[in-house]
Structures are given as structure tokens and as C-alpha cells.
Amino acid sequence: MSQTPKILAFAGSARTDSFHKKLVKIAAKGAAEAGAETTFIDLRDFPMPIYDQDLQEASGFPRTALQFKQILKEHQGFLIASPEYNSSLTALLKNAIDWASRPEPGEPPLGLTCFRGKVAAIMSTSPGGLGGIRGLVHLRAILGNIGTIVLPDQKTIPNAYDMFDESGQLKDTKQQASVEALGAKLTELVAKLHGGV
């Protein structure tokens, strides 16, 4: 019996009215329409201290880091919308990845159980003209180095202040369809790799 692809969507921004939360939800809509079971989480709900090995050894994993790790483990694919801060990804997103990449007791060192063999599609938007593309270069490298397959396709949306309507959708129907298609493409690849729809 075929397995429904499970796709996790999240943004590297905690801001309530984040453009990236809106963007990744559009991609998740495309994934769901392609047959995936999609879950959206807000990293604001998983506050974690800055990663510190001394802290981990003294106190173990923060509860929120373990929760985040478990959710990652339960999904085969990730949709990640990453803001560009100073030509890179946000500290929020990098720190969440850093905690999740650390082995829990009983896991092999460098096992990367949350990331190895998973598939990701990445996207960004920005008030500027480049759409956040410089930050995606760093995110792609990080994910690839920890064992995640990153789709060659990615999406950037420039001029973010003018691109979204009041309901969080993109005003440009071609852009909307392109972001949804990225979610669908991720679903299709996960399905092929895991024998799904």
C-alpha cells in the first residue's frame, strides 16, 4: 500500500505577519493538492537558547528542541522559507538546525537523524529586488552538508511589500502558481523516493 508523503512547512522568521510564513503556506497548499499530508509549524512556538555544547552537556536538550527534532523525524520532506539577513539565513533558523542536528542519547554521533535522506524545497522573499536569493545559497549548503537532498528548483519573490494580498496569497497569479508548483514538485519527489502517491 502506498504511503502518503508527509511534508513539514516552516519559516525562518518569528514575526507574526511574516511574509515567509505566508510564502511557505502557499507552497504547502501546492504540496497538499499534489497529495501530501502537510503540517505547518511556527518556530516562535519552539524557543531555543543559542546552541552551546556546555549547556547541552549540563542540562540536556531543551524540551522545545526535542519537540522540534521529533516533528522533523516524522516528515520526509521540508518546505522552508528563509529570510535573508545580511546575505545569509536568520539566526533563528540556523539555531533550530544546529539543535536538531545534535544527537540525542542513543543516537549515533553525526547520525543527523532529522535530516539525512530527507528532501527539502527552499524559498525566500524580500522587500528588495533580489528576493532573498543570497541567503538561500547558505541554506542550501547547510542542508546539503547534513544529508538533506535540496531540490534544484527554488523560488524567490522580490518586492515583498507589494506582492501579498490581505489573505496572504500572492497577487500575481503566475507567481502564486509557481510557488504552489514547488510544493507539488517536492511531494512528487518524496513520493518517488518513499513509494507514495
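Visitor: Where does threonine 113 lie?
Guide: Threonine 113 sits in the loop between α4 and β4. Helices here are DSSP runs of H or I with at least four residues, strands are E runs with at least two, and both are numbered from the N terminus. By the way, this is a predicted model: local features need pLDDT of at least 70, side-chain atom pairs need 80 or more, and totals for chains, interfaces and linings use all residues. Residues are numbered from 1 along each chain as its sequence is written, and side-chain values use heavy atoms, leaving out hydrogens and water.

Visitor: Why is threonine 113 called partly exposed?
Guide: Its relative accessible area is 32%. Buried means under 20%, exposed means over 50%, and partly exposed is in between (1.4 Å probe, protein chains only), so 32% gets the middle label.

Visitor: What makes the link between threonine 113 and glutamate 107 a polar contact?
Guide: Their side chains are joined at 3.0 Å. The rule asks for N or O atoms within 3.5 Å; within protein, one must be able to donate a hydrogen and the other to accept it, and residues adjacent in sequence count only through side-chain atoms on both sides. The 3.0 Å pair therefore fits the distance limit.

Visitor: Which residues does threonine 113 contact, beyond four places in sequence?
Guide: Lys69, Lys73, Glu107 and Lys118, where contact means heavy atoms within 4.5 Å. Threonine 113 and serine 101 are 12 residues apart in sequence, with their C-alpha atoms 7.5 Å apart.

Visitor: How do you know whether glycine 135 is buried or exposed?
Guide: Glycine 135, found in helix α5 (residues 133-145), has 0% relative accessibility and so counts as buried. Leaving out residues up to four places away in sequence, glycine 135 touches Glu84, Ser87, Ser88 and Leu89. Its C-alpha is 8.5 Å from that of threonine 90, though 45 residues separate the two along the chain.

Visitor: What makes α3 and α4 roughly perpendicular?
Guide: The axes of α3 (residues 63-73) and α4 (residues 91-101) cross at roughly 80 degrees and come within 9 Å. Angles of 65 to 115 degrees count as roughly perpendicular, under 35 as roughly parallel, over 145 as roughly antiparallel, and the rest as oblique. That is why these two helices get the perpendicular label.

Visitor: Which residues meet there?
Guide: Ala65, Phe68, Lys69 and Leu72 in α3 meet Ala96, Trp99 and Ala100 in α4.

Visitor: How do you know that α1 is mostly covered?
Guide: In α1, 11 of the 15 residues are buried, among them Phe19, Leu23 and Ile26. Their cover includes β1 (6-11), β3 (77-81) and α6 (173-194).

Technical notes. Axes are lines fitted to C-alpha atoms, for helices over the stretch in contact, and angles run from 0 to 180 degrees between N-to-C directions.
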